[in-house]
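Reader: I have a structure in front of me and would like to learn how to read it. Where should we begin?

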Number of protein chains: 2
Amino acid sequence: MTMKEVCKKYSISPDTLRYYERVGVIPAVHRTKNNVRDYTEQDIGCVENAICMRNAGVPVEMVAKYVELCQQGDETFLARRDLLREVREGIVRQIEKCQRELERLEYKIARYENAVETGELVWDRAFSLEPETEKKED
Amino acid sequence: MTMKEVCKKYSISPDTLRYYERVGVIPAVHRTKNNVRDYTEQDIGCVENAICMRNAGVPVEMVAKYVELCQQGDETFLARRDLLREVREGIVRQIEKCQRELERLEYKIARYENAVETGELVWDRAFSLEPETEKKED
DNA sequence: ATACAGGTTGGAGTAAACTCTAAGTCAAGC
DNA sequence: GCTTGACTTAGAGTTTACTCCAACCTGTAT
């Protein structure tokens, strides 16, 4: 599979793909005799892995560390498990943060939906965390 | 409330707090006659709002835009609602991405937990997206 | 009185993750 | 034979979000 195809498949730029390879987020991919990248099934698996982890906000450095461990063979099972557990904890925490903000947002959006209809913004002290700066005296 | 107290309360640096004010993620906070920041309840509400949104990965620019709208008064209810809806969609998508990666991770971690015990890494083609670079011929 | 803790400013510096540029190689089509 | 398009590299530039620095002010404790 050519670079172009891979880029299209994953909606990613060639530059990013080369960058990922350069920093080790994906290992060196297969080349044609002309030194042109020709992604094998396995290479594509690596690309997919990288993109998925990056999508979830895992830092490039951490993905690269995992890939490095994978290339070192069977002695690194434990280290890989530990790294992935760490990654998991990070993502779980990230989801929690997002969920908290989502709750706040739902409440605020509901208030604004009401405000758009009635022209009045209901102000609930129980949900204290508001900018509401238009109520400031100036 | 002094800057130091706010920093402690939210585990944030004074530099970041000043930066947030500079770029409009929080509006100009109340000052003492000595020109020293003295956060009112409302200022703190803004800080909390900013930190919560940033925690969920909302870009600084978007938070600033929201705060700007808030300062412009009641005519911006609609615009604020729309902006918050946009923010919500972004966060929902982010959570989905994280959840997808989480599923992958659970599977992989389970495999490694098994591998650590048995010394053998089970390879399941159904869950294709694997670097598995140690299986490459070199 | 003088040091110190805690502020203030403008502006420079940094880290992460791309993203772009310049200069070169190579095969295919006209 | 020459252009076009798709690649190659090293390295520079950009964006975002801080983070640090130097030089200054000011109320309190020794």
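Author: Begin with a convention for helices: axes are lines fitted to C-alpha atoms, for helices over the stretch in contact, and angles run from 0 to 180 degrees between N-to-C directions. Keep in mind that this is a predicted model. Here α3(A) packs with helix α5 (residues 77-118) of chain B at an angle of about 130 degrees, and their axes are 8 Å apart.

Reader: Which word describes how α3(A) and α5(B) lie to each other?

Author: Angles over 145 degrees count as roughly antiparallel, and 65 to 115 as roughly perpendicular. α3(A) and α5(B) are therefore oblique to each other. Their crossing is left-handed.

Reader: Which residues meet where α3(A) and α5(B) touch?

Author: From α3(A) come Cys52(A), Met53(A) and Asn55(A), and they meet Lys97(B), Arg100(B), Glu101(B) and Arg104(B) of α5(B). By type, the residues of this contact are two nonpolar, one polar and four charged.

Reader: How many residues of chain A are in contact with chain B?

Author: On chain A there are 47 residues in contact with 47 residues of chain B. Three elements of chain A give two or more residues each to this side: α3 (41-55), α4 (60-71) and α5 (77-118). α5(A) gives the most, with 24 residues. The side of chain A that touches chain B divides into 23 nonpolar, nine polar and 15 charged residues.

Reader: What relates chain A to chain B?

Author: The general idea is that two copies of a chain are related by a rotation about an axis and a shift along it. In this case a turn of 180 degrees and a shift of 0.0 Å along the axis lay chain A on chain B, with an RMSD of 0.2 Å. That is the relation of a two-fold axis. Both copies use the same surface, since 100% of the contact residues of chain A recur in chain B.

Reader: Which residue of chain A comes closest to the rotation axis?

Author: Ile95(A) does, with its C-alpha at 3.0 Å from the axis.

Reader: Which residues are closest to DNA strand C?

Author: The strand is surrounded by 16 residues, of which the closest are Tyr19(A), Pro59(A), Val60(A), Lys4(B) and Arg37(B). The elements that give two or more residues to this surface are α2 (14-23) and α4 of chain A, together with α1 (3-10) of chain B. α2(A) gives the most, with three residues.

Reader: How do the residues of the surface near DNA strand C divide by type?

Author: Five are nonpolar, five polar and six charged.

Technical notes:
Residues are numbered from 1 along each chain as its sequence is written. Chains are lettered from A and ligands numbered from 1 in the order in which they are written. This is a predicted model: local features need pLDDT of at least 70, side-chain atom pairs count only at pLDDT 80 or more; totals for chains, interfaces and linings use all residues. Copies are superposed by least squares on the C-alpha atoms of residues with pLDDT of at least 70 in both. Two residues are in contact if their C-beta atoms, placed from the backbone, lie within 7 Å. Helices (H or I, at least four residues) and strands (E, at least two) are DSSP runs, numbered from the N terminus. Ala, Val, Leu, Ile, Met, Phe, Trp, Tyr, Cys and Pro count as nonpolar, Asp, Glu, Lys and Arg as charged, and the others, Gly among them, as polar. Angles under 35 degrees count as roughly parallel, over 145 as roughly antiparallel, 65 to 115 as roughly perpendicular and the rest as oblique. A crossing is left-handed if the near helix is turned anticlockwise from the far one by less than a right angle, and right-handed if clockwise. A residue is near a molecule or strand if its C-beta atom, placed from the backbone, lies within 6 Å of it.
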